[in-house]
Amino acid sequence: SVKDPVEAMRPRPLIYVYEMPSEFTTHHWQQRIKDLKCVLRYYNHMNHTKWSDNLYGAEVAVHESLLASPHRTTNPEEADFFFVPIYGGCYMSRFTG
């Protein structure tokens, strides 16, 4: 069979990112107690990017990266892998002050 040339050029593996209700993702990020928890980067008073020194924001960074990735597919039928974004580290960071 002849393959679609556009499909043949898509990078593999393809990853489907589930859309989760906000109570599992952005709600935790918005409810953080300390500004630098649950973030991988922030901006200083001169609007320069600064990087945090904790990994609570890693799951947010992975989620953001996958949303912008050429490996992302919006069709779960063609996905090789699936990503379920849940910001558990953000939830836990609320208790580690």
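**Reading the terms in this model**

Author: Setting aside residues up to four places away in sequence, His63 touches Val17, Phe83, Pro85 and Tyr87. The structure is a predicted model. His63 itself belongs to helix α3.

Reader: What makes these residues count as touching His63?

Author: Contact requires heavy atoms within 4.5 Å. Val17, Phe83, Pro85 and Tyr87 are listed as touching His63, and they are therefore residues with heavy atoms within that limit.

Reader: Why is His63 called buried?

Author: The relative accessibility of His63 is 11%. Buried means under 20%, so His63 counts as buried.

Reader: Is Ser69 buried or exposed, and how do you know?

Author: Ser69, in the loop between α3 and β4, has a relative accessible area of 18%. The cut-off for buried is under 20%, and Ser69 is therefore buried.

Reader: What makes the approach of Ser69 to the backbone nitrogen of His71 a polar contact?

Author: A polar atom of the Ser69 side chain lies 2.9 Å from the backbone nitrogen of His71. The limit for a polar contact is 3.5 Å, so the distance of 2.9 Å satisfies it.

Reader: Why is Asn47 called exposed?

Author: Exposed means over 50%. Asn47 has a relative accessible area of 60%, so the term applies. Asn47 is found in the loop between β2 (41–43) and β3 (49–51). Its phi is positive, about 65°, although Asn47 is not a glycine.

Reader: How do you know that the peptide bond from Arg12 to Pro13 is cis?

Author: Its omega is near 0°. Pro13 lies in the loop between α1 (5–9) and β1 (15–17).

Reader: What is the strand order of the open sheet, and which strands stand at the edges?

Author: The three strands have the order β4-β1-β5, with parallel pairing. β4 (72–73) and β5 (81–83) stand at the edges, because each has a single partner strand and one side without a neighbour in the sheet.

Reader: What makes β1 and β4 a pair?

Author: Pairing needs at least two bridges. Two bridges join β1 to β4, which run parallel, so the requirement is met. Ile15 stands opposite Arg72 in β4. Helix α3 (residues 58–68) packs on the sheet and touches β1, β4 and β5, its direction making about 115° with that of β1.

Reader: How many aromatic pairs are there, and what makes Tyr16 and Tyr18 one of them?

Author: The count comes to three aromatic pairs. The ring centres of Tyr16 and Tyr18 are 5.0 Å apart, with 90° between the planes. Centres must lie within 6.5 Å, and planes over 60 degrees apart count as edge-to-face; Tyr16 and Tyr18 therefore form an edge-to-face pair.

Reader: Why is the pair of Tyr16 and Phe82 given its name?

Author: The ring centres of Tyr16 and Phe82 are 6.1 Å apart and their planes stand at 65°, so this pair is edge-to-face. The pair links distant parts of the chain, with Tyr16 in strand β1 and Phe82 in strand β5, 66 residues apart. Tyr16, Tyr18 and Phe82 form one aromatic cluster.

Reader: Which terms for accessibility apply to Tyr16, Tyr18 and Phe82, and why?

Author: Tyr16 is buried, because its relative accessible area is 17% and the cut-off is under 20%. Tyr18, at 36%, counts as partly exposed, and so does Phe82 at 44%. Partly exposed is the term for values between the limits of 20% and 50%.

Definitions and conventions
Residues numbered from 1 in each chain as written. Predicted model: local features only at pLDDT ≥ 70, side-chain atom pairs only at ≥ 80, totals over all residues. Heavy atoms only, no water. Helix = DSSP H or I, 4+ residues; strand = E, 2+ residues; numbered from the N terminus. Buried < 20%, exposed > 50% of the residue type's maximum accessible area, 1.4 Å probe, protein only. Axes fitted to C-alpha atoms, helices over the stretch in contact; angles between N-to-C directions. Polar contact = N/O pair within 3.5 Å; in protein donor to acceptor, adjacent residues only side chain to side chain. Phe/Tyr/Trp six-rings, centres within 6.5 Å; stacked < 30°, edge-to-face > 60°.
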